[in-house]
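User: I am new to this structure and should be grateful for a close look at a single part. Please concentrate on the arrangement of the strands, and relate the surrounding features to it.

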Amino acid sequence: MTAPHARYRRAVAIPAGMAMATALAFLPNTTATAAEDAPAAVSADATPLSYVVNVKPGQGTSASVKKAVGKAGGTIVTSYDQIGVIVVHSSNPDFAKSIRKVRGVQSAGATRTAPLPSAATTDLGTPKALSAAEVARAEAPAGQDPLEPQQWDLPAIKADKAHEKSLGSKKVTVAVIDTGVDDTHPDIAPNFDRAASVNCVSGKPDTADGAWRPGAAESPHGTHVAGEIAAAKNGVGMTGVAPGVKVSGIKVSNPDGFFYTEAVVCGFVWAAEHGVDVTNNSYYTDPWYFNCKDDPDQKALVEAVTRASRYAEKKGAVNVAAAGNENYDLASDEITDPSSPNDTTPGDRVVDPSKCLDIPTQLPGVVTVAATGAKGIKSSFSNYGLGVADIAAPGGDSTSYQKPEPPATSGLILGTLPGGKWGYMAGTSMASPHVAGVAALIKSTHPYAPPALVKALLYAEADAKACTDPYDIDADGKVDAVCEGTKNRNGFYGWGIADALDAVTK
């Protein structure tokens with residue numbers, strides 16, 4: 001079976017006709033801080049790029065580094081002194097090379113290969129939305145929201161049973177670092193945490209009212225994820241995994257659907273400083289699917305996002321991320337990456353995934369989530385890997401591969417969509433929020449538990465699941481992936497399937 005190779009990699013197009021969404025977020029105007037000294041000369045046709053410059057954390061940006069940035073032809077957009085990351089714009093093609101030589105600079109690199117703003121990309125599709133008539137016809141047993149019978153994913157992680165014990169605490173907030181969240185949706189509005197929401201697209205926080213929302217032409221991805229986590233149990237539509245916790249929107253994708261390093265860094269730092277308990281990261285940081293540490297630019301991106309994600313965890317957040325949708329074995333010796341850099345001209349390159357990292361998915365401390373379908377086995381598209389995949393949860397699959405039991409009809413995952421709508425999507429993008437929701441329930445049950453303990457409970461409470469062997473998801477007689485490991489920990493399911501009931505009872 002051939003894995004899909006589309007650019008937007010955490011929600012996928014699969015044989016059931018489910019098209020993935022591409023974020024088209026609004027890039028706010030930014031005010032760059034001019035650095036000191038005269039800039040380096042650049043050619044008349046030079047185009048600006050964005051950079052991260054990493055220095056020693058906690059001491060502020062030194063005057064000498066500021067002066068050097070200006071001398072190299074850069075302007076400082078913002079500085080995250082607590083983690084030593086400076087966001088810079090420059091039209092000097094040699095900016096990174098020059099600034100790396102400066103005393104006090106530990107690493108520096110371009111966050112993209114396309115100029116600002118990046119080259120336009122086409123919309124890759126939209127979710128399979130429910131019609132108004134389908135919503136109106138929805139019926140559910142007493143005690144359930146109208147669309148809950150279509151959510152086979154809730155009983156798959158025992159969330160329906162968990163809700164009989166607890167819906168989660170309103171003192172717990174999950175941040176959706178994504179394409180934006182429509183907080184006016186009736187299933188999201190009751191649980192929305194405005195104070196923990198922001199637009200980070202430029203790399204600098206924009207706190208204008210509603211800046212975290214997607215516009216009419218923008219991706220519904222973040223809104224879908226937010227509903228999976230915390231759609232209120234209010235008799236309106238669907239039910240989230242943790243319908244009693246708060247959810248916030250941290251918008252990090254630009255107008256063309258790219259999640260660049262400066263935005264991701266901003267998102268993690270914002271979450272760290274605004275009381276967030278869990279972050280959900282259903283994306284990879286563009287433009288490199290895998291960032292190789294032997295490349296000076298990519299090394300700087302890994303360092304910047306590592307610092308930011310570790311800072312968020314240090315401040316109390318559990319970081320949860322989607323494993324990806326290429327059916328890659330992330331524990332293999334090598335992978336052929338055909339899609340990087342995805343903002344200009346990609347080309348095939350062979351990488352060692354132990355040295356070239358999908359960020360934030362493969363960063364230390366991040367909970368890496370693989371996807372399962374309605375029959376409880378690895379989704380056809382889900383990445384996997386012994387020692388890389390930490391846990392698994394429902395992400396959906398083609399209904400022809402894994403069909404749910406009635407009354408559910410679709411093998412995809414139901415979620416909220418902007419404009420008060422609901423629809424189906426599939427991908428490890430949809431698996432990650434299930435785990436983020438379970439982590440929020442654990443935090444609700446154990447309010448003083450630090451991130452390390454929340455993660456330990458998440459893994460210990462997961463339902464162990466043995467390897468699916470042989471794995472022939474499309475029944476064509478050919479093995480589609482090979483699982484390694486034991487029942488208690490393996491490449492397909494990590495420590496097991498997330499368990500919401502244990503989260504509220506143990």
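Analyst: In what follows, helices and strands are DSSP runs numbered from the N terminus; a helix is a run of H or I with at least four residues, and a strand is a run of E with at least two. The model is a predicted one.

The central subject is an open sheet built from 7 strands with parallel pairing. Read across the sheet, the order is β8-β9-β7-β10-β12-β16-β17. At its edges stand β8 (198–199) and β17 (391–394), each of which pairs on one side only. Strands of a sheet pair through backbone hydrogen bonds, and the pairing may be parallel or antiparallel. Within this sheet, β10 (residues 278–281) and β12 (residues 318–322) run parallel to each other and are joined over 4 bridges. One residue pair illustrates the match: Asn 280 has Val 320 in β12 as its bridge partner.

The surroundings of the edge strand β8 come next. Cys 200, in the loop between β8 and α6 (221–230), is bonded to Cys 266 in helix α7 (residues 261–272), so the pair ties together parts that lie 66 residues apart in sequence. The sulfur atoms of Cys 200 and Cys 266 are 2.0 Å apart, and the two residues form a disulfide. This link is left-handed, with -60° about the S-S bond. The model has 3 disulfides in total.

Following β10 there is a loop that leads to β11 (291–292), and Pro 287 is found in it. Asp 286 and Pro 287 are joined by a cis peptide bond, with omega about 0°. Most peptide bonds are trans, and most residues other than glycine have a negative phi. Another cis bond occurs after the edge strand β17: Pro 407 lies in the loop between β17 and β18 (413–417). Here the cis peptide bond joins Pro 406 and Pro 407, and omega is about 10°.

Helix α8 may be considered alongside these strands. It comprises the 19 residues 296–314, which at 1.5 Å a residue should span 27 Å; the end C-alpha atoms are 27 Å apart, so expectation and model agree. The N-terminal end of α8 is capped by Asp 295, a side-chain oxygen of which lies 2.9 Å from the backbone nitrogen of Asp 297. Just after α8, Gly 316 adopts a positive phi of about 115°. A positive phi is also found at Lys 158, about 65°, although this residue is not a glycine. Lys 158 belongs to the loop between α4 (153–156) and α5 (159–165).

Strand β18 leads to a further open sheet, which has 3 strands in the order β6-β19-β18 and antiparallel pairing. β6 (128–129) and β18 form its edges with a single partner strand each, so one side of each has no neighbour in the sheet. β6 and β19 (residues 421–425) run antiparallel and are joined by 2 bridges. In that pairing Ala 129 stands opposite Gly 423 in β19.

One last feature concerns enclosed space. The whole structure contains 2 cavities of 30 Å³ or more, and the second largest has a volume of about 30 Å³. Its lining includes Val 55, Lys 56, Tyr 80 and Asp 81. By class, the lining residues of this second largest cavity comprise 4 nonpolar, 4 polar and 2 charged.

Notes. Residues are numbered from 1 along each chain as its sequence is written. This is a predicted model: local features need pLDDT of at least 70, side-chain atom pairs count only at pLDDT 80 or more; totals for chains, interfaces and linings use all residues. Side-chain values use heavy atoms; hydrogens and water are left out. Two strands pair if DSSP finds at least two bridges between them. On a 1 Å grid over the protein atoms alone, a cavity is a set of points where a 1.4 Å probe fits but cannot get out, and a pocket is an open set with protein on both sides within 12 Å along at least five of seven lines; lining residues have an atom within 4 Å of a point. Grid points are joined across faces, edges and corners, and a volume is the space filled by probe spheres set on the points. Ala, Val, Leu, Ile, Met, Phe, Trp, Tyr, Cys and Pro count as nonpolar, Asp, Glu, Lys and Arg as charged, and the others, Gly among them, as polar. The expected span of a helix is 1.5 Å times one less than its number of residues. A polar contact is a pair of N or O atoms within 3.5 Å; within protein, one must be able to donate a hydrogen and the other to accept it, and residues adjacent in sequence count only if both atoms are side-chain atoms. A disulfide is a pair of cysteine sulfur atoms within 2.5 Å.
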